[in-house]
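Here's a quick tour of one chain and the ligand that comes with it. Have the viewer open and follow along.

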Amino acid sequence: MTFQTEPSHKHGTVSRSAIVLVNLGTPDAPTRSAVRRYLKQFLSDPRVVEIPKAIWWFILNLIILPFRSGQSAKKYASIWTEEGSPLRTYTAGQARQLHAALAARGHKDLTVAMAMRYGSPSLPEVLAKLKTDGCERILLLPAYPQYSGTTTGSIYDAVFQHYGSVRNIPELRFVRNYHDHEGYIRALRQSVLNHWEQHGRPDKLVMSFHGVPKRTLMLGDPYHCECLKTARLLAAALKLKPEQYVVSFQSRFGKAEWLQPYTAPTVIQLARDGVKRIDVICPGFISDCLETLEEISMEVRHDFISNGGQDFHYIPCLNAAPAWIGALAEIAEQHIIGWPTQLAPSEREQRKKDAETGRTAALQLGAAD
Ligand SMILES: C=CC1=C(C)c2cc3[nH]c(cc4nc(cc5[nH]c(cc1n2)c(C)c5CCC(=O)O)C(CCC(=O)O)=C4C)c(C)c3C=C
Ligand SMILES: [Fe+2]
Ligand SMILES: [Fe+2]
């Protein structure tokens with residue numbers, strides 16, 4: 001094992017603190033080849049698919065990738081915008097707004113970047129850039145309110161792997177979850193109430209979370225439990241009676257049993273039972289993406305209406321909602337306690353000189369400071 005040679009230390013260099021908002025990732029384009037590249041990296045992660053490596057290699061390369069890449073590319077094409085993938089656009093916006101919100105709270109010299117676990121900008125490239133910019137304290141903030149080994153755990157893996165060859169490792173902190181954070185629940189409540197103020201109330205609110213294999217729950221993954229707690233807290237904040245809402249799990253992949261009840265059959269049953277209007281919210285996603293804009297707002301909407309439902313409303317993710325950006329800032333602030341986030345005037349002067357002489361490049365990734 002060899003460890004990288006560090007750049008020579010410059011006395012008087014100002015050390016910085018940084019936050020990295022990390023989301024799942026998304027293809028670079030809605031094309032078969034870009035989707036294939038993305039799916040290959042994503043689905044080769046042993047945290048995501050827990051099947052013995054050799055067996056999975058054959059299934060993935062000979063069955064899944066050849067068939068799914070084209071199908072998924074069509075779905076991505078249906079939600080793609082001029083700026084690109086909604087997931088990446090919303091995550092970049094959140095990083096910029098988080099930076100501004102923290103600056104307004106007095107953390108004027110904090111770097112905020114975004115990174116993707118799969119695809120770009122990749123975690124290793126973002127972490128390497130932060131080193132170049134003199135960041136000696138880094139908070140990793142996953143875009144997942146509920147912890148799962150398949151998502152949050154995998155971000156931890158990628159971070160540990162990156163620093164496995166680094167000699168001078170920065171101070172690292174991780175946000176593990178915020179499924180029951182007051183600010184997150186408050187932002188969800190606000191988003192639902194705003195929708196209801198404009199469009200009236202539904203007969204039933206469906207809270208749909210991304211699923212995981214049921215086996216992971218049996219093996220001790222806390223994700224299911226954290227989803228149910230989020231749902232319970234949101235229902236309480238909205239003063240909903242048990243018969244006014246239902247919790248379900250979407251995006252099942254493969255033949256194995258996943259967390260139940262599944263969203264599509266639940267919605268179909270509601271329509272067949274005579275429920276006229278449902279509103280669907282996806283509290284586990286903080287930004288709209290393929291799973292919400294296509295699977296819920298197109299496919300599940302079609303399932304409900306074609307089975308006798310009359311009115312289907314999709315309540316968008318928190319995205320750039322001011323209450324959510326405020327909550328994100330609160331969550332971040334609670335984890336950077338004790339870190340210097342505001343430079344002394346002399347240090348700021350030094351940094352300005354460094355930038356002028358090109359010694360430290362301005363951060364280009366996701367959000368600049
Ligand atoms: C194969 C197993 C999968 C597990 C386990 C899984 C867990 C999981 N995923 C998210 C969040 C997102 N997933 C997204 C897309 C997506 N997910 C899977 C598979 C698993 N996810 C696939 C194959 C895909 C790609 C699309 C497709 O081909 O169907 C996305 C959207 C990405 C985007 O580009 O918009 C998100 C977000 C969570 C939170 C989670 C476990 C808790
Ligand atoms: Fe997924
Ligand atoms: Fe899906």
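How do the residues of the shell around ligand 1 divide into nonpolar, polar and charged? Keep in mind that this is a predicted model. The shell splits into 12 nonpolar, nine polar and two charged residues.

Let's stay with the ligand for a moment. In total, 23 residues surround ligand 1, and the closest are Thr26, Ser72, His210, Cys289 and Leu290. Helices α2 and α10 (290-306) are the elements that give two or more residues to that shell. Ligand 1 lies between domain 1 and domain 2, because both of them give residues to the shell.

Now for the domains themselves. The domain assignment gives domain 1 as 16-179 + 323-356 and domain 2 as 182-315. Their centres, taken over C-alpha atoms, are 25 Å apart. The contact takes 27 residues from domain 1 and 23 residues from domain 2. On the side of domain 1 that touches domain 2, the elements giving two or more residues are α2, α3 (86-104) and α11 (322-335). Of these, α11 gives the most, with six residues.

Here are the two class breakdowns, one for the ligand shell and one for the domain 1 side of the contact.

| Set of residues | Nonpolar | Polar | Charged |
|---|---|---|---|
| Shell around ligand 1 | 12 residues | nine residues | two residues |
| Side of domain 1 that touches domain 2 | 13 residues | 12 residues | two residues |

What about the core? The largest nonpolar core has 90 residues, and Val20 and Leu98 have the most contacts inside it. Both domain 1 and domain 2 give residues to this core, so it lies between them. Leaving aside neighbours within four places in sequence, Leu98 is in contact with Leu21, Val112, Ile325, Leu328, Ala329 and Ala332.

Helix α4 (residues 123-132) is worth a look too. Its buried residues are Leu123, Val126, Leu127 and Leu130. They sit on the same side of α4, because they cover an arc of only 95° around the axis. An α-helix has 3.6 residues a turn, so residues three or four places apart point the same way. The buried residues of α4 pack against strands β1 (16-25), β2 (110-118) and β3 (135-142), plus helix α5 (152-163). Just after α4, Gly134 takes a positive phi of about 80°.

Finally, is Phe67, in helix α2 (residues 53-79), buried or exposed? Phe67 counts as exposed, because it has 10 C-beta neighbours inside 10 Å, and 12 or fewer is the cut-off for that class. The C-alpha atoms of Phe67 and Leu219 are separated by 30 Å, with the two positions 152 residues apart along the chain.

Technical notes
Residues numbered from 1 in each chain as written. Chains lettered and ligands numbered in written order. Predicted model: local features only at pLDDT ≥ 70, side-chain atom pairs only at ≥ 80, totals over all residues. Buried ≥ 20, exposed ≤ 12 C-beta atoms within 10 Å, placed from the backbone. Helix = DSSP H or I, 4+ residues; strand = E, 2+ residues; numbered from the N terminus. Arc of directions from axis to C-beta. Contact = placed C-beta atoms within 7 Å. Core = buried A, V, L, I, M, F, W, Y, C linked by C-beta atoms within 7 Å. Domains from an automatic or database assignment. Near = placed C-beta within 6 Å. Nonpolar A, V, L, I, M, F, W, Y, C, P; charged D, E, K, R; others polar.
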